[in-house]
Amino acid sequence: MAQRVTFRRRNPYNTRSNKIKVVKTPGGILRAQHVKKLASRPKCGDCGIALPGVSTLRPRQYATVSKTQKTVSRVYGGSRCANCVKERIVRAFLIEEQKIVKKVVKEQTAAAQKAEKKGKKN
């Protein structure tokens with residue numbers, strides 16, 4: 001006759017948090033071993049890829065590990081990937097350059113108009 005699995009705890013419903021794996025104990029008894037949910041890697045907030053260098057854990061376990069395992073030593077270390085950080089820096093630089101160019105063009109046009117007015121007076 002087939003051996004039966006011995007259940008020990010939790011509810012009888014097949015929920016995501018109640019998955020079991022059948023294990024044979026050293027005493028030869030089949031037991032239901034509860035399997036924890038798989039951990040997923042933290043994702044980049046901009047592009048959504050998994051962050052390299054950050055450990056893969058369930059959310060509550062991040063409280064018990066050191067900061068060096070939760071981040072990488074870079075700006076936005078634990079939330080953005082290197083490519084997105086690079087993009088942000090370049091974008092900020094280009095926006096600043098654009099502002100400077102706008103200002104210079106405005107000054108040049110103002111100077112040209114001033115010179116035009118002086119030319120008309122003489």
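Leu38 sits in the loop between S2 and H1, where helices (DSSP runs of H or I, at least four residues) and strands (runs of E, at least two) are numbered from the N terminus. This is a predicted model, in which local features need pLDDT of at least 70, side-chain atom pairs count only at pLDDT 80 or more, and totals for chains, interfaces and linings use all residues. Residues are numbered from 1 along each chain as its sequence is written, and side-chain values use heavy atoms, with hydrogens and water left out.

Back to the loop: Leu38 is exposed, with a relative accessible area of 78%. Here buried means under 20% relative accessible area, exposed means over 50%, and partly exposed is in between (1.4 Å probe, protein chains only). Between the C-alpha atoms of Leu38 and Gln61 there are 12 Å, with the two residues 23 apart along the chain.

Next come the strands. S1 (residues 20-24) and S2 run antiparallel and are joined by 5 bridges; strands count as paired if DSSP finds at least two bridges between them. Val23 has Arg31 of S2 as its bridge partner, while Lys21 is matched with Gln33 of S2. The hairpin of S1 and S2 has 5 residues between the strands, and Gly28 takes a positive phi there, near 85 degrees. S2 itself (residues 30-34) has two faces: Leu30, Ala32 and His34 make up the covered one, and Arg31 and Gln33 the uncovered one.

Tyr76 turns up in another loop, the one between H1 and helix H2 (82-121). Its phi is positive too, near 55 degrees, in a residue other than glycine. As for exposure, Tyr76 is partly exposed, at a relative accessible area of 41%.

On to the core. Cys44, Leu51, Val54, Cys81 and Cys84 form the largest nonpolar core, with 5 residues; such a core is a set of buried Ala, Val, Leu, Ile, Met, Phe, Trp, Tyr and Cys residues joined through side-chain atoms within 4.5 Å. Leaving aside residues up to four places away in sequence, Cys44 touches Ile49, Leu51, Ser79, Arg80, Cys81 and Cys84, a contact being heavy atoms within 4.5 Å.

Finally, confidence. The protein chain averages a pLDDT of 90, and 98% of the residues score at least 70, on a scale of predictor's confidence in each residue from 0 to 100. Helix H1 (residues 67-70) has the highest confidence, at 93, and S2 the lowest, at a mean of 89.
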